[in-house]
Amino acid sequence: MRTLILGSFAAARGVGWTSHGKYVVAIADQAILSVFNFGVAIWLLRLLDQTTFGVFTILMAVSHAAVAVQDALSSTPLSIRHATYAGEERRRWLLTVLGNVTYAYTLGLWLLVAGGVTLLDDGDWMLGGAAACFVASFTLRNFVRSVAYARQREIDALALDAPFLVLAAIVLTAAQLFHVTRLDVLLLALAAANLLPLLMSGFTSGALVRPAPGVLHRFRAFWPEVRWSLVGVGSVLAQRQSHTAVVPTMMSPAAYATLAAADTLLGPVRLAIVAIGMVLRPELARLVARRDRAGIVRLVWGVELVMTALLGSLFVAAWLGWSLIESVIFAGKYPDIAIPFALVGAITAVQAWRGALNYALQAFHRFKSLGQLTLLCAGVSFGATVACTVAFGWTWALAGVLAGETLNLILIAAAFHGALGSLGD
């Protein structure tokens, strides 16, 4: 396996993987964030009761959903077009338009989350405002990181994340020392840790553009593709997070907390997929523009092999150390977690194998195809999740998600093969 992986990397030289440094920086950056997010999740898992932890995990799911929508609106068109646009002035125009679209989206997101959480939590406006600040800051910071990767300044993303990690670590240490466990206080503190680095470095580095609402009408040029990207994102979220809607509604937040806890250990793998994609997407856009079919195939397969090796090592480690994981990490609080964890592992594997194929189709501008096929898979996932929950109980709810994800992988692989065929031999 090691020889095959290294051979794939060697074959990819000259077709978009010439410099390994940017991939190392991107993966290292995401790895640091993954370890930190993992630590925060485990800390809260052990500290909070199941219901409160369930609320926190739902807010995290909302944050990731918000980022996914933002990615479709601005990060994806930026990363694909910035790599192929000629001239700094044209690239600056692209960043100005998409940056201001992100500002407008973030403001609307803040209002929606603040109002929604306040209403759902019996008028607790403190929690509503804190949740809105956390989700909005999380989203805005993701956009600034995507700007750094689109401009091929991977070290800027690392420089942005370093102060966030330091600030967040200080906040959590202080919370532990002073026994602060109020969720609204923790969310506000983490939001501040997200925003301060942006204010300190975002404008000076050029990653944050000045607010200019007058340019929003120019976003119409991107809308034909973005609308299908949004359909695809909404479908993927419904597909991957169908249990987030089904289990708390049919059962309870405490039941969902077990599924979320099972998801925690493999979260870093999905973040690694995102990290690789931030570098991979501009590379693939250049290869598609050059109609380099062989280069696209080698690059995609190189990523597939790396992700397979990573997953294999993680699954072996989990198998060998399961008793330790169950007693130490999960603190013995989730006795029914074995089945959900196994299902999460299968889902993560499917997502990892689908990642590079999905980024390649985006580089081909096949947003309509992606939107249509993921919409179909979302319906399958939601229906199967409800069926599995009713028939076998909430511990098997993720089996429905796995069904939708597997169908999605098969259809995306077929679409990728069709896109390659359009380039010829």
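How many salt bridges does the structure hold? In this predicted model, the count is four, and three of these pairs are introduced here, beginning with Arg 281 and Asp 71. The closest N and O atoms of Arg 281 and Asp 71 are 3.5 Å apart. Arg 281 belongs to helix α11 (residues 267-289) and Asp 71 to helix α3 (residues 50-82), so this salt bridge ties together parts that are 210 residues apart in sequence. Arg 281 is buried, at a relative accessible area of 5%, whereas Asp 71 is partly exposed, at 23%.

Helix α3 also carries Arg 81, which pairs with Glu 225 of helix α8 (residues 223-240) and so links parts 144 residues apart in sequence. Here the closest N and O atoms are 3.3 Å apart. Glu 225 counts as partly exposed, with 24% relative accessibility, while Arg 81, with 17%, counts as buried.

A further salt bridge joins the side chains of Glu 405 and Arg 354, with an N to O distance of 2.3 Å. Glu 405 sits in helix α16 (residues 398-421) and Arg 354 in helix α14 (residues 338-363), so the two tie together parts that are 51 residues apart in sequence. Both Glu 405 and Arg 354 are buried.

Helix packing comes next. Helix α4 (residues 88-120) packs against helix α5 (residues 125-150) at an angle of about 160°, and their axes are 7 Å apart. Because of that angle, α4 is roughly antiparallel to α5. The crossing of α4 past α5 is right-handed.

On the surface, Leu 195, Leu 196, Leu 199 and Met 200 form a nonpolar patch, together offering about 390 Å² of accessible area. Leu 196 is part of helix α7 (residues 183-205) and is partly exposed, with a relative accessible area of 41%.

Technical notes: Residues are numbered from 1 along each chain as its sequence is written. This is a predicted model: local features need pLDDT of at least 70, side-chain atom pairs count only at pLDDT 80 or more; totals for chains, interfaces and linings use all residues. Side-chain values use heavy atoms; hydrogens and water are left out. Patches are made of residues with over 30% relative accessible area and no salt bridge: like charges are joined within 9 Å, nonpolar side chains (Val, Leu, Ile, Met, Phe, Trp, Tyr) within 5 Å. Accessible areas come from the Shrake-Rupley method with a 1.4 Å probe; for residues, only the protein chains shown count as cover. Helices (H or I, at least four residues) and strands (E, at least two) are DSSP runs, numbered from the N terminus. Buried means under 20% relative accessible area, exposed over 50%, partly exposed in between (1.4 Å probe, protein chains only). Axes are lines fitted to C-alpha atoms, for helices over the stretch in contact, and angles run from 0 to 180 degrees between N-to-C directions. Angles under 35 degrees count as roughly parallel, over 145 as roughly antiparallel, 65 to 115 as roughly perpendicular and the rest as oblique. A crossing is left-handed if the near helix is turned anticlockwise from the far one by less than a right angle, and right-handed if clockwise.
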